[in-house]
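Student: I would like to take a close look at a single part of this structure. Could you walk me slowly through what can be said about it?

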Amino acid sequence: MKRIDCFIPAADPDQVAATLSHLKTLPAINKIFLLCTRKDAGFSQTGLPVILTGNLTSSETVKKIAEAASVDYSLIYTKYTTLEPGFLALERFLCLGDDTGAGMLYADHYQIIGEQRRKMPLIECQEGSLRDDFNFGSVLFYNTQILKKAVAQTTLDYPHAGMYNLRLTVSRLASLVHINEVLYTEIETDTRKSGEKLFDYVDPKNREVQIDMEKACTEHLKAIGAYLPPVFTSVDLDREVFEYEATVMIPVFNRERTIEDAVRSALEQKTDFKFNVIVVNHHSTDKTVSIVEKFSDDPRLILITPERKDLFVGGLWNTALHHPKCGKFIVQLDSDDVYSGPGSLEKIVKAFYEQQCGMIIGTYRMTDFKLNTLPPGIIDHREWTPENGRNNALRINGLGAPRAFFTPILREILLPNTNYGEDYGLGLNFSRKYQIGRIYEVVYNCRRWEGNSDAALEPEKVNANNLYKDKLRTWEIQARKQLK
């Protein structure tokens with residue numbers, strides 16, 4: 001029965017004591033190893049072996065785990081807070097590990113947040129689940145033989161991305177199995193709302209970590225035949241004639257509080273070319289339409305309310321895209337947001353010609369409703385590089401804003417008719433053939449307020465959103481493999 005070696009992060013004896021009390025009596029456990037970053041942590045009294053390492057997520061740590069593991073399975077716990085396995089939970093892990101031949105198993109669980117206990121459902125890991133923040137929970141249950149094989153195949157050193165690289169490598173050797181049963185309880189200390197977690201990966205203080213993650217992801221894409229070299233299809237920006245050089249596209253539903261600011265921001269753009277603003281209203285039931293109609297004296301404004309009632313944001317974009325007055329370049333402006341100044345549109349259009357791209361992505365500033373800067377401030381997505389941007393795009397969960405497109409190409413690709421992820425999927429599709437241009441100065445203010453659609457989502461909604469983006473990545477990987 002002693003078929004599991006456990007590897008537990010340990011800062012000091014008191015911190016790890018509760019977890020050890022839950023694990024020591026379980027008959028399936030062979031040995032418990034403490035993962036420690038300090039030599040003098042005082043663990044001699046526990047009588048347990050200590051693995052010293054500089055960073056718990058490094059490839060050095062993974063290698064030491066592989067060397068220490070000696071039985072069928074290796075349980076790696078990833079938190080410093082208390083772990084409490086459920087009744088016969090480890091036996092369930094063992095049973096399903098044996099039955100499925102999985103390289104790694106992970107499970108739904110309970111989270112304790114303050115005095116509240118909530119169930120944390122997880123999602124299936126697909127081929128496109130390349131996000132380094134994919135939520136596997138805090139218990140990673142590896143087949144030891146496959147773990148050792150994955151470590152043996154790793155030739156690069158990852159100071160931060162060792163654990164990430166491990167699960168990518170294991171996924172090439174065996175399946176990653178989601179057990180949709182509640183098998184343990186953990187304590188969750190990150191109590192931020194969903195909207196506050198969205199931008200961790202673009203926070204400048206995490207740059208060194210992100211570069212390491214990109215390196216691991218790129219190696220994985222090469223291994224599965226989905227890596228694309230920096231060779232792009234040229235774009236003929238003069239292949240069609242348009243009445244308008246640019247169109248600012250604003251999709252809207254029930255945004256009476258913000259739509260006036262958005263429309264005004266668009267109409268106040270100063271350019272040396274002809275542009276218009278298309279507002280596509282999805283049958284708003286508040287004062288949105290009457291507010292937009294305040295600007296009806298301006299001939300540049302086009303307000304559309306489609307007859308169809310089955311359109312989501314992507315469908316609203318497609319409506320504007322096929323309007324006869326749509327310009328040569330169609331440029332994003334969400335109904336919550338505003339441009340950073342009257343020169344934003346001209347900078348975006350100028351970038352198309354300077355960079356000869358089919359799509360441009362700018363830089364934005366995170367603000368509150370009154371345009372006061374919020375952390376992490378400027379989001380410039382500098383992880384996008386001309387050489388590797390379209391490969392790294394498969395790892396991150398967004399590409400930036402505002403987004404602008406060369407209309408003839410966008411009409412060929414179209415947007416999926418969804419309310420979430422349509423812009424990300426579009427960026428992946430564009431980048432498969434075309435270079436995506438970047439503007440690394442602020443041209444857009446992204447306003448975060450209590451009415452934002454992603455401000456405070458429940459875990460089930462976050463899961464649904466992530467599941468869809470993972471599916472988009474899966475489809476994109478499949479398409480890129482066929483280019484070989």
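Tutor: What follows looks at one histidine first and then at a pair of helices. Please keep in mind throughout that this is a predicted model, and that each value has been computed from it.

The residue to find is H178, which lies in strand 9, the stretch that covers residues 176–187. With a relative accessibility of 10%, H178 counts as buried, because the cut-off for that word is under 20%. Leaving aside residues up to four places away in sequence, H178 touches Y106, D108, L122, I123 and E124. Two of these neighbours also take part in polar contacts between side chains: the side chain of H178 is joined to that of D108 by a polar contact of 2.7 Å, and to that of E124 by one of 2.6 Å.

Now turn to the helices, helix 4 with residues 144–153 and helix 5 with residues 162–173, whose axes come within 9 Å and cross at roughly 110 degrees. Since angles of 65 to 115 degrees count as roughly perpendicular, helix 4 and helix 5 are therefore described as roughly perpendicular to each other, and the crossing in which helix 4 passes helix 5 is right-handed. On the side of helix 4, the residues that meet the partner are I146, L147, K149, A150, V151 and Q153, while helix 5 contributes L166, T169, V170 and L173. Sorted by character, the residues of this contact comprise seven nonpolar, two polar and one charged.

Definitions and conventions: Residues numbered from 1 in each chain as written. Predicted model: local features only at pLDDT ≥ 70, side-chain atom pairs only at ≥ 80, totals over all residues. Heavy atoms only, no water. Helix = DSSP H or I, 4+ residues; strand = E, 2+ residues; numbered from the N terminus. Buried < 20%, exposed > 50% of the residue type's maximum accessible area, 1.4 Å probe, protein only. Polar contact = N/O pair within 3.5 Å; in protein donor to acceptor, adjacent residues only side chain to side chain. Contact = heavy atoms within 4.5 Å. Axes fitted to C-alpha atoms, helices over the stretch in contact; angles between N-to-C directions. Parallel < 35°, antiparallel > 145°, perpendicular 65-115°, else oblique. Left-handed = near helix turned anticlockwise from the far one by under 90°. Nonpolar A, V, L, I, M, F, W, Y, C, P; charged D, E, K, R; others polar.
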